[in-house]
Amino acid sequence: MKNNNSLSNLEIGCITFFLTRCSYIGVTISLLAFLLKQDAWIGFLMGIIIGLIPLIMYLYIIKYKPDFNIFEIIESLFGKVIGKILIGIILVLIGYYTLMVFANVCYFIGSQFLHQTPIIVIAIAFMIPIVYGLFKGIKIIGRVSILLFIIAMILIFLLLIGLIPSADLNNIKPIFEHGFLNNIKDCLVFIFYNVLPLFVISVIPKDKNNSKSFNKYVIIFYLLSSFISLSTLIIILTVLGPDLAILYQYPEFHVLKQAQLIGFLNRLESILSMQWSFSFFITISVNLYFIVTAIKREVKKINIEKPIIVLLCLLLVIININILKNNTLGNEILLKYLPPFMLVGLLIVPFIIFIKIVLNSYKEKHISKS
């Protein structure tokens with residue numbers, strides 16, 4: 001029987017698109033531009049290619065038992081005790097990453113649009129539609145993701161068309177000035193912030209009737225999102241230049257001030273930058289759904305889903321206001337401490353799960369042959 005809450009491959013693909021783009025603004029571009037300057041686009045491209053490795057590993061884990069979500073898969077492989085420890089590690093990381101995303105969007109909106117508005121007002125205003133979406137369920141979030149994807153593609157197309165005339169390819173020369181090995185090393189920035197967060201799709205209910213094309217949709221939308229982001233990065237470097245790009249906390253926004261359409265439409269940055277808020281909205285919503293699903297499994301026979309959603313959202317707002325009110329401190333936590341957590345929680349732990357699945361599959365095949 002088909003699960004009414006299951007998402008189609010298109011809906012999961014659109015969610016993948018936004019999850020991949022979420023850390024692009026304010027994090028990935030700024031870091032790569034600082035580390036590699038005009039070679040940032042090369043490091044980004046290498047990250048896209050190498051990022052397929054953990055993504056394929058995630059898809060292999062998801063396909064192990066299509067009827068199970070990731071929590072059920074982990075406990076079936078490792079038992080309840082070890083399974084709960086691994087799940088706990090993942091949940092702490094997802095919660096930490098969600099807090100960082102929420103802080104990033106609040107800082108972005110406050111610094112670029114609402115200078116005089118208190119952070120608490122911005123945080124609550126942004127969180128209200130997330131709470132509403134979570135109350136309605138993951139199916140509604142999936143449908144909304146399709147609509148937002150269509151709008152985002154239109155805005156991205158206008159963005160690129162409006163900025164191409166201002167591009168100067170001399171700004172990305174000379175190529176490989178920082179060396180090939182440095183490009184390989186620094187491409188991990190893209191993998192940590194833009195690929196590893198895709199692990200949360202492992203909890204989304206899939207449409208069993210379209211399970212064969214699930215992997216294809218995820219990979220296609222991952223590549224689409226990544227190459228659009230790469231195109232935007234190249235535009236930023238060629239329009240602003242690497243030296244100017246590293247001076248801005250959000251160079252993605254400032255480059256939009258150069259956009260012009262039809263010769264007279266300018267000052268479009270407020271409209272064109274809307275597509276980034278879509279990524280923040282979808283990512284926070286899906287991450288909270290991931291955490292809520294895990295908690296619901298532990299508290300059975302009690303309808304606590306909505307109270308959990310409200311509590312988690314309140315915690316995000318409170319922590320964001322009281323602990324991360326200092327933007328410099330927030331950036332330090334985001335850039336210095338998040339990558340090691342990502343490495344452990346969303347790379348090493350899934351790799352352990354992957355190895356366990358491979359060993360189990362090998363044993364099952366060996367037993368069947370004997």
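Tutor: Contact here means heavy atoms within 4.5 Å. The model is predicted.

Student: Which residues does Gly13 touch, not counting residues up to four places away in sequence?
Tutor: Start with its place: Gly13 lies in helix H1, residues 9–21. Sequence neighbours up to four places away are set aside. What remains for Gly13 is Tyr217 and Phe221.

Student: Is Gly13 buried or exposed?
Tutor: Buried means under 20% relative accessible area. Gly13 has 0% relative accessibility, so Gly13 counts as buried.

Student: What distance separates the C-alpha atoms of Gly13 and Gly142?
Tutor: Along the chain, these two glycines are 129 residues apart. In space, their C-alpha atoms are separated by 9.3 Å.

Student: At what angle do the axes of H1 and H10 cross?
Tutor: H10 spans residues 214–240. H1 passes H10 in a right-handed crossing. Their axes come within 8 Å and cross at roughly 35°.

Student: How many residues in the contact of H1 with H10 are charged?
Tutor: H1 contributes residues including Gly13, Phe17 and Arg21, and H10 contributes residues including Tyr217, Phe221 and Ser225. By class, 11 are nonpolar and 7 are polar. The charged count is 1.

Student: Which side chain makes a polar contact with the side chain of Arg21?
Tutor: Arg21 lies in helix H1. Beyond its neighbours within four places in sequence, Arg21 is in contact with Ile156, Ser225, Ile228, Ser229, Gln275, Trp276 and Ser279. The polar contact, at 2.6 Å, is with the side chain of Gln275.

Student: Is Arg21 buried or exposed?
Tutor: The cut-off for buried is under 20% relative accessible area. Arg21 has 2%, so Arg21 is buried.

Student: Which residues is Thr283 in contact with, leaving aside neighbours within four places in sequence?
Tutor: Thr283 lies in helix H14, residues 274–298. With a relative accessible area of 1%, Thr283 is buried. Its contacts beyond the sequence neighbours are Phe18, Leu19, Cys22, Tyr97 and Val101.

Student: Which helix gives the most to the largest nonpolar core?
Tutor: This core holds 123 residues. Phe102, Phe126, Ile204, Ile284, Phe290 and Leu346 touch the most other members. The helix giving the most, with 23 residues, spans residues 70–112 and is H5.

Student: Which residues is Phe126 in contact with, leaving aside its neighbours within four places in sequence?
Tutor: Phe126 is among the core residues that touch the most other members. So are Phe102 and Ile284. Both appear in the contact list of Phe126, which runs Phe102, Val105, Ile109, Ser277, Phe280, Phe281 and Ile284.

Student: How many charged residues does the contact of H5 with H15 have?
Tutor: H15 covers residues 305–322, and H5 packs with H15 at an angle of about 60°, axes 10 Å apart. H5 passes H15 in a right-handed crossing. Thr98, Leu99, Phe102, Ala103 and Cys106 of H5 meet Leu316, Val317, Ile319 and Asn320 of H15. By class, that gives 7 nonpolar, 2 polar and no charged residues.

Student: Which residues of H9 are buried?
Tutor: H9 runs over residues 188–195. The helix is mostly covered, with 7 of its 8 residues buried. Those residues are Val189, Phe190, Ile191, Phe192, Tyr193, Asn194 and Val195.

Methods
Residues numbered from 1 in each chain as written. Predicted model: local features only at pLDDT ≥ 70, side-chain atom pairs only at ≥ 80, totals over all residues. Heavy atoms only, no water. Helix = DSSP H or I, 4+ residues; strand = E, 2+ residues; numbered from the N terminus. Buried < 20%, exposed > 50% of the residue type's maximum accessible area, 1.4 Å probe, protein only. Polar contact = N/O pair within 3.5 Å; in protein donor to acceptor, adjacent residues only side chain to side chain. Axes fitted to C-alpha atoms, helices over the stretch in contact; angles between N-to-C directions. Left-handed = near helix turned anticlockwise from the far one by under 90°. Nonpolar A, V, L, I, M, F, W, Y, C, P; charged D, E, K, R; others polar. Core = buried A, V, L, I, M, F, W, Y, C linked by side-chain atoms within 4.5 Å.
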